[in-house]
Amino acid sequence: SARQYLAQLEAARQAFAAGDSQAWREIDADFLFADFAELLRDSVDGVDRIAAIVRDLKGFSSIDRDEQATVDLDASLAELCRLLHGRLPPGARLGREGEACAALPCRPGLLQQALFNLLDNALKAIGPGGRITLHCHRTPGWQHVQIVDDGEGIAPEHLPRVFDPFFTTRPVGAGIGLGLTLARDIVLAHRGEIAIDSAPGTGTRVSLRLPLGDTP
């Protein structure tokens with residue numbers, strides 16, 4: 001679009017220099033300049049978003065690193081929300097509430113993978129206009145994280161099997177059924193706890209409890 005606008009402006013400039021006083025009117029210069037400015041604003045916004053995605057992906061790429069570290073959980077959750085925001089259905093919202101620990105001892109890449117899997121599941125469960133909320137709070141010795149969605153929910157007969165390897169209720173080709181299994185194993189490896197409450201039509205709540213002390 002910018003190339004086309006520049007070509008129009010150059011043609012009009014040459015025509016005006018040759019004595020065609022109507023050249024600017026013929027290209028509808030008022031609209032062209034207004035739309036050109038909007039085009040530049042959109043382009044700058046797009047570049048800023050790309051920069052944020054690349055920055056977040058650099059942090060997320062640490063998944064292969066499994067050494068012990070202390071991480072800012074609040075920043076990690078914000079990073080994951082930004083990564084998933086572009087995949088939300090139309091009109092859907094992803095929000096955060098409460099306090100997340102600024103210095104959580106963990107294996108950063110693994111914990112981030114577990115949180116990503118849980119958020120990705122919630123995202124796939126909601127439809128247009130849906131809602132996902134991360135609730136965070138602390139109690140003595142523990143960091144609590146709840147991922148709540150208002151999606152389709154899980155049938156009672158399926159709920160006991162959600163952590164089973166390769167179990168999935170999604171259509172063939174839409175998932176291999178390892179996301180929740182991996183998330184559970186990672187949480188347990190951090191000496192934490194994970195539980196799921198759900199019912200058809202009411203959504204799903206995944207509750208995590210992570211120790212604030214050293215992990216093995």
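# Exercises on a predicted model

Leaving aside neighbours within four places in sequence, Ala-114 is in contact with Ala-183 and Ile-186. The exercises below concern a predicted model, and they begin with this residue.

**Exercise 1.** Determine in which helix Ala-114 is found, and decide whether Ala-114 counts as buried or exposed.

*Solution.* Step one is to place the residue: Ala-114 belongs to helix α5, which covers residues 108–125. Step two is to apply the cut-off, under which a residue is buried when its relative accessible area is under 20%. Because its relative accessibility is 1%, Ala-114 counts as buried. Step three is to look at the helix as a whole, where 15 of the 18 residues of α5 are buried, so that the helix is mostly covered. Step four turns to sequence separation: Ala-114 and Asp-185 are 71 residues apart in sequence, yet their C-alpha atoms lie 8.7 Å apart in space.

**Exercise 2.** Compare the reach of helix α5 from its first C-alpha to its last with the span expected at 1.5 Å a residue.

*Solution.* The expected span is 1.5 Å times one less than the number of residues, and helix α5 has 18 residues, for which 26 Å is expected. The reach in the model is 26 Å, close to that expectation.

**Exercise 3.** Establish how many disulfides the structure holds, and examine Cys-101 and Cys-106 in turn.

*Solution.* The structure holds zero disulfides. For Cys-101, the nearest cysteine sulfur is that of Cys-106, at 9.4 Å, whereas a disulfide requires two cysteine sulfur atoms within 2.5 Å. For Cys-106, the nearest cysteine sulfur is in turn that of Cys-101, again 9.4 Å away. As to their surroundings, Cys-101 counts as buried at 5% relative accessibility, and Cys-106 is likewise buried, with a relative accessible area of 1%.

**Exercise 4.** Identify which residues form a nonpolar patch on the surface, and explain why Phe-33 is classed as partly exposed.

*Solution.* The patch is formed by Phe-16, Trp-24 and Phe-33, which together have about 300 Å² of accessible area. Phe-33 lies in helix α3, which spans residues 29–60. Because its relative accessible area of 45% falls between the 20% and 50% cut-offs, Phe-33 is partly exposed.

**Exercise 5.** Describe the protein as a whole through its helices and strands, its buried share and its contacts.

*Solution.* The protein has six helices and seven strands, arranged from the N terminus as α-α-α-β-α-β-β-α-β-β-α-β-β. Of its 216 residues, 39% count as buried, while the protein exposes about 12200 Å², of which carbon and sulfur atoms supply 55%. Finally, among contacts between residues at least 6 apart in sequence, 69% join residues at least 24 apart.

How values were computed:
Residues are numbered from 1 along each chain as its sequence is written. This is a predicted model: local features need pLDDT of at least 70, side-chain atom pairs count only at pLDDT 80 or more; totals for chains, interfaces and linings use all residues. Side-chain values use heavy atoms; hydrogens and water are left out. Patches are made of residues with over 30% relative accessible area and no salt bridge: like charges are joined within 9 Å, nonpolar side chains (Val, Leu, Ile, Met, Phe, Trp, Tyr) within 5 Å. Accessible areas come from the Shrake-Rupley method with a 1.4 Å probe; for residues, only the protein chains shown count as cover. A salt bridge is a side-chain nitrogen of Lys or Arg within 4 Å of a carboxyl oxygen of Asp or Glu. Helices (H or I, at least four residues) and strands (E, at least two) are DSSP runs, numbered from the N terminus. Buried means under 20% relative accessible area, exposed over 50%, partly exposed in between (1.4 Å probe, protein chains only). Contact means heavy atoms within 4.5 Å.
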